[in-house]
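Please walk me through the way the two chains of this model meet, beginning with charged pairs and ending with the strands.

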Number of protein chains: 2
Amino acid sequence: MLCVLDLTTDAATLTAALVDIESVSGDENTLAGLVEDAVRGCSSLTVQRDGNVVIARTERARETRVVLAGHLDTVPIADNVPSRREGDVLYGCGTTDMKSGVAVMLRVAQLVGSGAIDPRVDLTWVFYDCEEVESARNGLGRIARTDPASLAGDLAVLLEPSGALVEGGCQGTLRVAVRVPGVRAHSARSWLGVNAIHASAPVLSRLADYLPREVDVDGLTYCEGLNAVGISGGVAGNVIPDECTVTVNYRFAPDRSEDDALAHIREVFDGYELTLTDSAPGARPGLDSSIAAEFVAAVGGEPRAKLGWTDVARFGVLGIPALNFGPGDPNLAHKPEEHVEVQQVLDAETALVRFLS
Amino acid sequence: MLCVLDLTTDAATLTAALVDIESVSGDENTLAGLVEDAVRGCSSLTVQRDGNVVIARTERARETRVVLAGHLDTVPIADNVPSRREGDVLYGCGTTDMKSGVAVMLRVAQLVGSGAIDPRVDLTWVFYDCEEVESARNGLGRIARTDPASLAGDLAVLLEPSGALVEGGCQGTLRVAVRVPGVRAHSARSWLGVNAIHASAPVLSRLADYLPREVDVDGLTYCEGLNAVGISGGVAGNVIPDECTVTVNYRFAPDRSEDDALAHIREVFDGYELTLTDSAPGARPGLDSSIAAEFVAAVGGEPRAKLGWTDVARFGVLGIPALNFGPGDPNLAHKPEEHVEVQQVLDAETALVRFLS
């Protein structure tokens, strides 16, 4: 194992070094310590450590502050550590999600700390733990609750994999259980009962017929989705079932609040008993701010809407416009064959440096 | 415990004695032995014992033979043994299902053996085990496979509880799993998948809209039923499900064979993948035979169709018209408060004797 991270190498080599330090959620302590040491080695940065969260900052009294954020943890190893380079491709757990993004963050810290670049904005780096597990453990969420001032800024860039394209904001998500009641009876005398599964047909039809919105928010198009993700019902092979439950997931564009989204779902399933089981807000892309527009212009490419839920929503709640921009194909995340194109890691660093210079 | 069954008492007192001898399925040996001894004590009957099945017969060279059949076992005791008589009602496990029927069978054996009545038909009594458990253990089914000749006759009367009314034949039953496929995807990008739960809407609609037949078979009306008895689907809260399975139970009138019934279900669910999970034939009531007509006339009341599945189907398979006729309310079967009206037990014996005389 490395005893120190060498930030003077290129971002791809640094990615490989980070991948080789296992940091499955809950076990980030070693990597967090190495990252802390590395950023403390960058002169002119102030550094704080809070659990396995490491926050570094420039304090150059610029008018604008940009937050760069990334998580240190990975999903469990799937026989894909240490990393393996084949030609122009780097394989391994976290190559995409998101140690290549963390490598780019660290490279920028090195360039700023060494004076190689003099950024026109103040910068905050947030390295955090437990993104790949239940939301309650999320390190960024913890800091947002306990020390939101340390996350303050005019734009947050989350270096989650986005194919090195700008993906703005994120969609919200909520889940409800739609319960359809019936009356139990013996199936040989079914007319004495009311079949809850049959009575669920209109629920499924409303889902099948539902036309999800495509919404323009701050210039990006968000495609919503309303889907059954579970259904269960039945008592025994000779019993008319007295209950059927459909679990529905609504992914909603960030023009809707959680309350708005739930009210909409209540309309869709008017007449049925609903129980909200979980909910998380979306985040507007905020690409209409001048700093975000400058970011988009500097990194190039056509911005698109982020369609999953990501930690940008935690910045959205704090009123900070946030976007996703990082190397790696998000569709490869969490897969044993996870890999990243070396050139995309280098390009992401170059793009970020172009924005800061 | 009694060491001998006294068949000279009235049928209700005999029912109480039978209830007091526990005979939960698989544990019928004691009761089967006492029944064997009792019918061997009836002169002029030939008796055979096969496991816990006891078969007794008259051999009087009558033109017609009637089979009286009943099971010796009960569901597990629910703090309702020994029996308890309150006024005109006898409480206890098996009072309805079906030790009162067995008592009536034994009373008829005593009356025939003693010469008190001289029946105009030959009679076969079949007392059997393991009716309340899985079909493979059923004693009547075993004899039907290994020694069907011993069940031969022109009419079978199963003394299962029917409120002392004639319930003709029984419905068939089959179950199929209807599988609806989909394509898995992340629920934030649902348009990349095909939602198998949504795609099940037409299956549930067909069930909800299905008009079950009411079929006249040999003069009785059978009300069919087609019902979902189970549904399951779903992978995770953020995944478009790639499979949904609806389990359907079809209760069909005895004008349809199992093959006919399955063909019908394939028509109803045309376009879907079906798997037959279990099937049992119905039984025609055979009330159009002269001996059955005589039975109905003798016992009185308006015959009705049996809507559950019962062991009469085992006679149906052997080509023997079969009906249900026994004391007790079938809706009380298997309940802790199981009970029978004493008068109904006595009346059932009287009705059967009227038919035989």
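A salt bridge is counted here when a side-chain nitrogen of Lys or Arg lies within 4 Å of a carboxyl oxygen of Asp or Glu. By that rule, the interface of chain A and chain B has 0 salt bridges, in what is, it should be said at the outset, a predicted model. Polar contacts are nevertheless found, for 16 residue pairs between chain A and chain B, both residues at pLDDT 80 or more, are counted in polar contact.

As for the elements involved, helix 5 (201-209), strand 13 (225-233), strand 14 (239-240) and strand 15 (243-252) of chain A each give at least two residues to the side of chain A that touches chain B. Strand 13 of chain A has the largest share of that side, with 9 residues, and by class the side of chain A that touches chain B is made up of 19 nonpolar, 19 polar and 4 charged residues.

Turning to extent, 42 residues from chain A and 42 residues from chain B take part in the contact, and the area buried between the two chains is about 2800 Å², with carbon and sulfur atoms giving 59% of it. Of the area that chain A buries against chain B, 20% is supplied by His198(A), Val229(A) and Ile231(A), which is more than any other three residues supply.

The strands themselves also pair across the interface: strand 13 of chain A and strand 13 (residues 225-233) of chain B run antiparallel and are joined by 3 bridges. Within this pairing, Ser232(A) stands opposite Ser232(B), a residue in strand 13 of chain B.

Terms used. Residues numbered from 1 in each chain as written. Chains lettered and ligands numbered in written order. Predicted model: local features only at pLDDT ≥ 70, side-chain atom pairs only at ≥ 80, totals over all residues. Heavy atoms only, no water. Contact = heavy atoms within 4.5 Å. Buried area = accessible area lost by both parts, 1.4 Å probe. Polar contact = N/O pair within 3.5 Å; in protein donor to acceptor, adjacent residues only side chain to side chain. Helix = DSSP H or I, 4+ residues; strand = E, 2+ residues; numbered from the N terminus. Nonpolar A, V, L, I, M, F, W, Y, C, P; charged D, E, K, R; others polar. Pairing = 2+ DSSP bridges.
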